[in-house]
Amino acid sequence: MTEITIRRPDDWHLHLRDGAMLEGVIGDTSRHFGRAIIMPNLVPPVVTTADARAYRDRIVKAIPAGDRFEPLMTLYLTEHTSADDVEEGKKSGLITAVKLYPAGATTNSHGGVRDMDKAMPVLERMAKIGLPLCVHGEVTTPEVDIFDREAVFIETVLDPLRKRLPELKVTMEHVTTQDGVDYIRAAEKNLAGSITTHHLIINRNAILVGGIKPHYYCLPVAKREHHRVALRKAATSGDARFFLGTDSAPHIDPLKECGCGCAGIYTSINTMSCLAHVFEEDGALDRLEAFASLNGPAWYGLSPNAETITLIKRDEPVAFPKKIETGAGPVTVFDPMFPLHWDVA
Ligand code: DOR
Ligand code: ZN
């Protein structure tokens, strides 16, 4: 097959940032994607419905003329979040989900949740009104090895929470392990998982072999090869509980290439090309649409996009830039380490 047409995809986990960075990156998403769930970990974070409304306005202003793109807003859960404000956000149609960052788990997560009990009133209200919780599924306990943080989170935080509140809809974001895949597969209801582009392509060797490669560092960190293979199987299986959330997370190069580099990989610009490659390699091109365009909206109770996009396999590799220039500084583009022949027409 050298051409495939699918419903326009959506990105169910995206960092757009703000200001000059937002302006520099948004076009790479709005060119291909109809909608995206926008992460709230700005500085300061998007905590209230009023914050989300103002942020949404800034995003809409930055969309390049001619692109049709809908940002789906989230709130950053804190121990002081008001259940009434969350409900108001959902009722007004502005808020699609609430995001749980365990405090200290990742970029700008220090205002996140330390004690789950303190978040219970909000979580109970969300279960009642049918508002999904998106989770960054890693514990931050210093004794837990960074490569085990997802598995330990499932056992010690997520599973107890789901037993306590079975009606709460939970998206396990950026699943990186076989454990995560198995846990989602075993759930009877109210649990789904997003998978990033890069976790389908790299394992931890990409970060550590032949020198430290900061542009492959993200959180949750890429794991062993057998975990990557499990993610590939889940994504390409067509199972409706798995869908695309790129976690494309731009940082300027000086903040990646330094003594304490930021976590995040920028994939918005070449995600669809990477995914077509991955799905073709696994003999699953016919399931790319489910993963990128159908399963996500079904989970969030939305219709798939009405428009389509066409991917064409070119003889010559597509020339993506190594870096994009933004008003905030240069951002390195994800290099999958193989030539990309699939192009969005
Ligand atoms: O790699 C990551 N970067 N993981 C996250 O969870 C946050 C993100 C960011 O905001 O930079
Ligand atoms: Zn993220």
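Q: What makes K169 count as a charge over the ring of W299 in this predicted model?
A: In this predicted model, K169 lies over the face of W299, at 4.3 Å from the ring centre. The cut-off for the distance is within 6 Å, so 4.3 Å meets it.

Q: How do you know that R204 lies over the face of F147?
A: The distance from R204 to the ring centre of F147 is 4.5 Å. This too has to be within 6 Å, so the distance condition is met.

Q: Why is the pair of W12 and Y300 called stacked?
A: The structure holds five aromatic pairs, and W12 with Y300 is one of them. Their rings are 5.0 Å centre to centre, with 15° between the planes. Centres within 6.5 Å make a pair and planes under 30 degrees apart make it stacked, so both conditions are met.

Q: Which parts of the chain does the pair of W12 and Y300 tie together?
A: W12 belongs to strand 2 (residues 11-14), and Y300 to the loop between helix 11 (288-299) and strand 10 (308-313). The pair therefore ties together parts that are 288 residues apart in sequence. Both W12 and Y300 are buried. Ring pairs also link W12 and Y300 with F243 into a cluster.

Q: Why is the pair of Y76 and Y101 called tilted?
A: The ring centres of Y76 and Y101 are 5.4 Å apart, and the planes are at 40°. Stacked needs under 30 degrees and edge-to-face needs over 60, so 40° leaves tilted.

Q: What makes the pair of Y76 and Y101 a link between distant parts of the chain?
A: Y76 is in strand 4 (residues 70-76), while Y101 is in the loop between strand 5 (95-100) and helix 4 (116-129). The two residues are 25 residues apart.

Q: How do you know whether Y76 and Y101 are buried or exposed?
A: Y76 has a relative accessible area of 1%, and the value for Y101 is 1%. Buried means under 20%, so Y76 and Y101 are buried.

Q: Which residues are closest to ligand 1?
A: Ligand 1 is surrounded by 13 residues, and the closest are R17, N41, L219, H251 and A263.

Q: What makes the approach of H251 to ligand 1 a polar contact?
A: An N or O atom in the side chain of H251 is 2.7 Å from an oxygen atom of ligand 1. The limit is within 3.5 Å, so this is a polar contact. For the side chain of T107, the distance from an N or O atom to an oxygen atom of ligand 1 is 3.0 Å. A263 uses a backbone N or O atom, 3.0 Å from a nitrogen atom of ligand 1.

Q: How much of ligand 1 does the protein bury?
A: Ligand 1 exposes 290 Å² when taken alone, and the protein buries 100% of that.

How values were computed:
Residues numbered from 1 in each chain as written. Chains lettered and ligands numbered in written order. Predicted model: local features only at pLDDT ≥ 70, side-chain atom pairs only at ≥ 80, totals over all residues. Heavy atoms only, no water. Phe/Tyr/Trp six-rings, centres within 6.5 Å; stacked < 30°, edge-to-face > 60°. Helix = DSSP H or I, 4+ residues; strand = E, 2+ residues; numbered from the N terminus. Buried < 20%, exposed > 50% of the residue type's maximum accessible area, 1.4 Å probe, protein only. Lys NZ or Arg CZ within 6 Å of the ring centre and 35° of its normal. Near = heavy atom within 4 Å. Polar contact = N/O pair within 3.5 Å; in protein donor to acceptor, adjacent residues only side chain to side chain. Areas by Shrake-Rupley, 256 points an atom, 1.4 Å probe, with all protein chains shown as cover.
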